[in-house]
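Hi,

Here is the structure I promised to pass on. Have a look at it first, and then read on for what turned up.

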Amino acid sequence: MNRTQLIEQTEIYVNYDQAIAVYADRQGALLLERVKIAFKELHQTLNDLFVNQRFMTMKNVPVYYHKSVHALLPLEPKYGYVSDKSIKNFDTNMLLIAHKYWGDFMTLDESRKIFSAKWSFPNQVDEDQIRYDKGDNFRVAYMKTSAELGGRDLDDEMLREEPGVVVPIYRLGEVMPRPDSPTQLLLCWVKEDLIPEAFSEQEEYQIKQLMKIKSFLKFGENKDVIFETLSFVKAIMENEFHTDAFGQNWGISDIEYDDIQEQLNDSDFSEAISLLLDRDTVRADIEPYVEQMVYDPNRGLWELWPTSTAEDLDTLFKVKASFENGAIARHPVSDIRYDGVVGIDFGTKSTVVVFQRDGEHTLPMRIGMGRYSKEVQLEHYENPTVMEFIDLDKFLTDYHELRARPFTSWEDVTVSHTAIGSLMSSDSDMFYSHLSELKQWAGESNRTLRLRDKQNVDRILPAFKEVTDDFNPIEIYAYYLGLFINNQHQGIYLDYMLSFPVTYEKEIQDKIISSFRKGLLKSLPLPLHEDEEVMERFRVSSGVSEPAAYAVCALQQYGFEPTGNEKVFYSIFDFGGGTTDFDFGIWREAGAKERRYDYVIEHFGAGGDRYLGGENLLELLAFEVFKSNQQKLREEEITFMLPPECEPFVGSEVMLTDSQESKINMRQLVEALRPLWERHEGYEQQFDKGVLKVNLFDKHGNACPGTELTADRERLESIIYTRIEKGVRNFFESLRRAFSNPNIADVEVVHIFLGGNSSRSPVVQQLFETYIAKETDQISSSVHTNGKAYFEIYPPLGTEEAWEIQRERRAGQAVDIGIEAPTGKTGVAFGLIQCRKGGVIKVVDHNVTQDEAKFNYFLGVSKKGKFHVVVDRETSYGAWHLFIDAAEEDFELYFTTMPEASTNEMPIQQTERRKCRITHTNENAYVFIRAKGPNTIEYVVAEEEEIAASQTFDHIETLTLTASR
């Protein structure tokens, strides 16, 4: 198959907006020619008037233009004789000229230039309209001072105290410059809708046409008049110009498809190359391609390659383009990385993309940062999971117009770094135009979202399970990821892997996979969609869980290479921006029956802390500051939102809302507190002052800049310590449960790997050291270690401490450091690729059952203020558990995801409650409960014998659980 073609002429497809741009450009050029013809036809008369006439009367308005003063004066007999020289006593209505122009008193200099006994002037004869007191003399009033008028006799040039006749003057110099040429004089008349008496019928027609487009005419620098073609083109494109001029309608309101296409067929499109080179720039702000690509036989453009799928293009317009020296069309199949694979860690706060081209070398990829010539920075590879909606309706129209690489615009929807930059600088009324909770929305089964783009168009997004193809933000986000992955800078990839939290139910995972598939597929060029072989190879699949992926990466980076029967027992504490995930397992060499692999990872006991994340911690701190300043904020009517794990307080009824002002206030305070959590340089001095200045908004949307809030550094750091300590405590409880399995023996060392950017906090390291010392004895008594159990802890990848350990453990081997090396955040995506299908690492996941994630909750009852477990998180789906007697119609169900619940010592206040009701009571029966999905349970009233006999029940109630703490 020939992968490149030399073409001399082709048809380029453009969408409506692009067609209108070309059409408008054509219209602008055509109208410019009409304008030139008009000025040419008017030139002779104009020149005569400009050179030979002092004043010119107008035929459509009773005024005359006086060249010497560049002003209009009245022809109609409304002059008033004035004997009172006081201006304040003058009837200003007499200054109105032709019911159109509000004039002024003329100055003495203007009077001398206009009126003189030496030359003629309008109204000098006939009714003698400006004769002084109906006598033989002409006396004209002028403005002597700002308060007084004076008079000037025209016959002897004497100045008088008594003013005389007031002739108002309308100075054009106040609205446009004095003309330096006949054409500029014409523009003055056009702007004022004036037609000179001297114009013929044809000349009158031409000036009337110019009046219709006067907003696009202006003075030039060379005594000429300029037609602003670009402004005219923009007005047409934005549908702001609808006037007919020179016998033609120039607007687009009533233009049909065929009319536009006919206009486009008339001539070659000279801007074709520029348009094609910039298409990815328009779509996603990706660096434009260089023009040399068009003529290089080894390169060429995808956009020039012809397509045979006409039905995809029937809503588009065709533009002819000729290339004098020929251009190279390149088939996109030439750039497919058939041996490549892409790993995507779709994160709560940021998304990481890594790739392999044709070998084991893995690199991160910049997303939402398409200016590749800019210097590389580490933060470019942690791409914010944020979207910005500017004109969503227009974007969706463009997006659905084509199945492949539609002509969408970065000016309508942005993502990642651009979107987060906009979010951080936006006002309160723009809050809903940003979506920064994309993954949280997908993971919570009943969560809805409100969006309002910057055109003030509102949308309510249903729960992710119910979202349709019409507008699926995750699909659109994946489409943008695809544009940054698949372009002529990077090549084309067909194999994609996504990681998921261990707690995501299969239905959610499948829908996310489907959404990513649709979005990524849409980023591929149309010729690939027409290639069945290529489409068969295109794949988006679910990889290993996020903590397991990090484990695979960290174990190899730290040089764990077990041989024979050696087993490495590991645990993961993945402390990210939104959640903390736990994972436990065994890393070993592949056995004889696993010869295609180098290593096997078996993981089990996965869990986590749903709300222990860096961003959630910051919201906890912000809420504490909010509470401690409630009196001041109440007085200033400043509201806040209630974050997870927080409770309303006395008097908070009107202070806690879900308004956009409350949410943006939370965001502003979170950013003000970030230096404390992330320990930015100089944060001690900043917070030791005890005062923060934050730009907030009151409940009416009014800005409250520089609001001073007290902030107790010690109290805030105590909150950080206490909340992380809870997470570490639950981690060790999970670890104890995971390695207490009788099937796991000979545990000598448990290697703890810290992951996630939040694990960089010194508090985490400090707490782990404390708990390791505290827990060693307890763990050794519950696992099969013969009293030799101990822990080794490893810092997050990408830190100086991690590199030092890597150098020690991998003596003689090269250690990757710098931007290309995996970090505590990017390690998930690296591990995802390493666990790819067909790779050398086998993954055995004991955290799923029947292809579904295990049940997420402990279910129980309250006993003396403590949570007592009735149904363990390790329960099998479908197994009934006796929960409580059925003697009363109401019962209360408590639940939590926290592993420490298994101790039966957890305070009941740290759990959540659902009030349940049964349809009938029975003192001889019980309420039985069973798990049906990761977040779903069923309960029924039955007798123990009925359960034992596996009887079928008619009145089973279903309950979906969602934890908020």
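Starting from the outside, the protein chain has an accessible surface of about 42800 Å², and 45% of that belongs to carbon and sulfur atoms. Areas like this come from the Shrake-Rupley method with a 1.4 Å probe, and for residues only the protein chains shown count as cover.

Before the rest, some housekeeping. This is a predicted model, so local features need pLDDT of at least 70 and side-chain atom pairs count only at pLDDT 80 or more, while totals for chains, interfaces and linings use all residues. Residues are numbered from 1 along each chain as its sequence is written, and side-chain values use heavy atoms, with hydrogens and water left out.

The whole chain

The protein chain holds 26 helices and 46 strands. Both are DSSP runs numbered from the N terminus: helices are H or I with at least four residues, strands are E with at least two. Along the principal axes, the C-alpha atoms fill a box of roughly 130 × 75 × 65 Å. The radius of gyration is 39 Å, whereas a compact globule of 965 residues would have one near 30 Å. That radius is taken over C-alpha atoms, and the globule rule is 2.2 Å times the number of residues to the power 0.38.

Of the 965 residues, 56% count as buried. Here buried means under 20% relative accessible area, exposed means over 50%, and partly exposed is in between (1.4 Å probe, protein chains only). As for contacts (heavy atoms within 4.5 Å), take those between residues at least 6 apart in sequence: 69% of them join residues at least 24 apart.

On charge, there are 104 positive and 159 negative side chains, and the centres of the two sets lie 2 Å apart. Lys and Arg count as positive, Asp and Glu as negative, and His and the chain ends are not counted. Each charge is placed at NZ of Lys, CZ of Arg, CG of Asp or CD of Glu.

Some residues to click on

Try threonine 826, in the loop between helix 24 (800-809) and helix 25 (827-834). Threonine 826 counts as buried because its relative accessibility is 5%. Its side chain reaches the backbone nitrogen of threonine 823 at 2.8 Å. That is a polar contact, meaning a pair of N or O atoms within 3.5 Å; within protein, one must be able to donate a hydrogen and the other to accept it, and residues adjacent in sequence count only if both atoms are side-chain atoms. Neighbours within four places in sequence aside, threonine 826 is in contact with Val352, Glu382 and Ala821.

Arginine 914 sits in strand 43 (residues 912-917). With a relative accessible area of 24%, arginine 914 is partly exposed. Its side chain reaches the backbone oxygen of threonine 962 at 3.3 Å. Leaving out residues up to four places away in sequence, arginine 914 touches a set including Phe891, Glu892, Leu959 and Thr962. Phenylalanine 891 is 23 residues from arginine 914 in sequence, and their C-alpha atoms are 8.7 Å apart.

Another arginine, 337, is in the loop between strand 17 (317-330) and strand 18 (341-345). Arginine 337 is partly exposed, at 27% relative accessibility. What does arginine 337 touch, not counting residues up to four places away in sequence? The list is Arg357, Gln490, Gly491, Ile492 and Tyr493. Arginine 337 and tyrosine 493 are 156 residues apart in sequence, yet 5.4 Å apart from C-alpha to C-alpha.

Leucine 642 is in the loop between helix 19 (630-635) and helix 20 (660-678), and is partly exposed at 34%. Beyond residues up to four places away in sequence, leucine 642 touches Phe623, Glu647, Pro648 and Leu656.

Two backbone angles

Most residues other than glycine have a negative phi. Histidine 99 has a positive phi of about 60°; this histidine is in the loop between strand 6 (96-97) and strand 7 (101-102), and is exposed at 62%. Glutamate 157 also has a positive phi, near 60°. You'll find glutamate 157 in the loop between strand 9 (149-153) and strand 10 (159-160), where it counts as partly exposed at 35% relative accessibility.

Cheers
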